[in-house]
Amino acid sequence: WDAARAYYDRLVPARGASVYLVTEYARALSERSEHVRAATELERVRQRLRGDTRVLGPLLRDLGRAYRDAGDVGRAIAALEDGLRATQEGGLRRELYEVLTDTYRRAGRLPELAVSLRADARSEATAARAAIEDELGHEDAALEAYRRVLAGNQRDVDTRLRIVQLLARAGRLAEVVDEYRALLRAVPGEPRFVVDGHLGRLAAYL
């Protein structure tokens, strides 16, 4: 392991290295299921890059994954929450919430996360809570959260589809048809929604 680290360290210049390059050894460890070693390596990189807020988000996402896969739930949650505080980029926040959700899922603590996310007003947090409530079978809470996400972006096709699927599972077919109409209005000219799966069959009612 020491020889491997020395090899990877020689690939990294003293200054100006990208976060991708300086975490390459940690990724190699993770690919070999050496998750404890990967977390230790990422902590080493974290100390090296301390103060560089541009790279903290991706680094903490990977650190959270490593701790999660190593079975250290507490450290995984702490790293991911630090990552959420360190980044304002929406796509990265979604990834952080996805890893956070999976960490709580593996620990059997999804209801706890759903409750804590109610105080987080960010759209990515609301989307994560909606998916969790849906997974837990809390239809009303999931629908309320999905609609909050949709209020911020009427063209969010994935959220509209999740609403359609939730209503269909609940047997609320009249509302399914209404939501499908709204979906077609939001993304006119999308033929896949007319011909794909159960949505295509609903087209006969429109």
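## Exercises on an all-helix model

Leu11 is partly exposed, with a relative accessible area of 39% (buried means under 20%, exposed over 50% and partly exposed in between, using a 1.4 Å probe and protein chains only). The model is predicted, so local features need pLDDT of at least 70 and side-chain atom pairs pLDDT 80 or more, while totals for chains, interfaces and linings use all residues. Residues are numbered from 1 along each chain as its sequence is written, and side-chain values use heavy atoms, leaving out hydrogens and water.

**Exercise 1.** Describe the secondary structure of the protein and place Leu11 in it.

*Solution.* Start with the count: there are 14 helices and zero strands (DSSP runs numbered from the N terminus, H or I of at least four residues for helices, E of at least two for strands). Next, find Leu11, which sits in helix α1, residues 2-11. Then look across to Leu21: its C-alpha atom is 8.0 Å from that of Leu11, although the two are 10 residues apart along the chain. Finish with the whole protein, where 42% of the 206 residues are buried.

**Exercise 2.** Work out the surroundings of Thr23, and decide whether Thr23 is buried or exposed.

*Solution.* First, locate Thr23: the loop between α2 (19-22) and α3 holds this residue. Second, check its accessible area; at a relative value of 3%, Thr23 is buried. Third, list its contacts (heavy atoms within 4.5 Å). Apart from neighbours within four places in sequence, Thr23 meets Leu42, Val45 and Leu59. Last, follow its side chain, which reaches the backbone oxygen of Tyr20 at 3.3 Å.

**Exercise 3.** Find the largest nonpolar core and the elements that build it.

*Solution.* Begin with the size: this core has 19 residues (buried Ala, Val, Leu, Ile, Met, Phe, Trp, Tyr and Cys joined through side-chain atoms within 4.5 Å). Leu42, Leu49, Leu59 and Leu63 have the most contacts inside it. Now see where the core comes from: α3 (24-31), α4 (35-48), α5 (53-69) and α6 (73-86) each give two or more residues. Of the elements, α5 gives the most, with seven residues. Zoom in on Leu59, which touches Thr23, Leu42, Val45, Arg46 and Leu49, not counting residues up to four places away in sequence. A second, separate core of 16 residues includes Leu92, Tyr97, Tyr104 and Leu110.

**Exercise 4.** Describe how α8 and α9 pack together.

*Solution.* Two packed helices are described by the angle between their axes and the distance between the axes. Take the axes of α8 (residues 110-117) and α9 (residues 123-135): they come within 9 Å and cross at roughly 145° (lines fitted to C-alpha atoms over the stretch in contact, with angles from 0 to 180 degrees between N-to-C directions). Then name the partners: Leu110, Leu113, Ala114 and Leu117 of α8 meet Ala125, Ala128, Arg129, Ile132, Glu133 and Glu135 of α9. Sorted by type, the residues of this contact are seven nonpolar, no polar and three charged (Ala, Val, Leu, Ile, Met, Phe, Trp, Tyr, Cys and Pro count as nonpolar, Asp, Glu, Lys and Arg as charged, and the others, Gly among them, as polar).

**Exercise 5.** What sign does the phi of Ser33 have, and where does this residue lie?

*Solution.* Recall the background: most residues other than glycine have a negative phi. Now read the angle: the phi of Ser33 is near 60°, a positive value. Ser33 lies in the loop between α3 and α4. With a relative accessible area of 53%, Ser33 is exposed.

Methods. A polar contact is a pair of N or O atoms within 3.5 Å; within protein, one must be able to donate a hydrogen and the other to accept it, and residues adjacent in sequence count only if both atoms are side-chain atoms.
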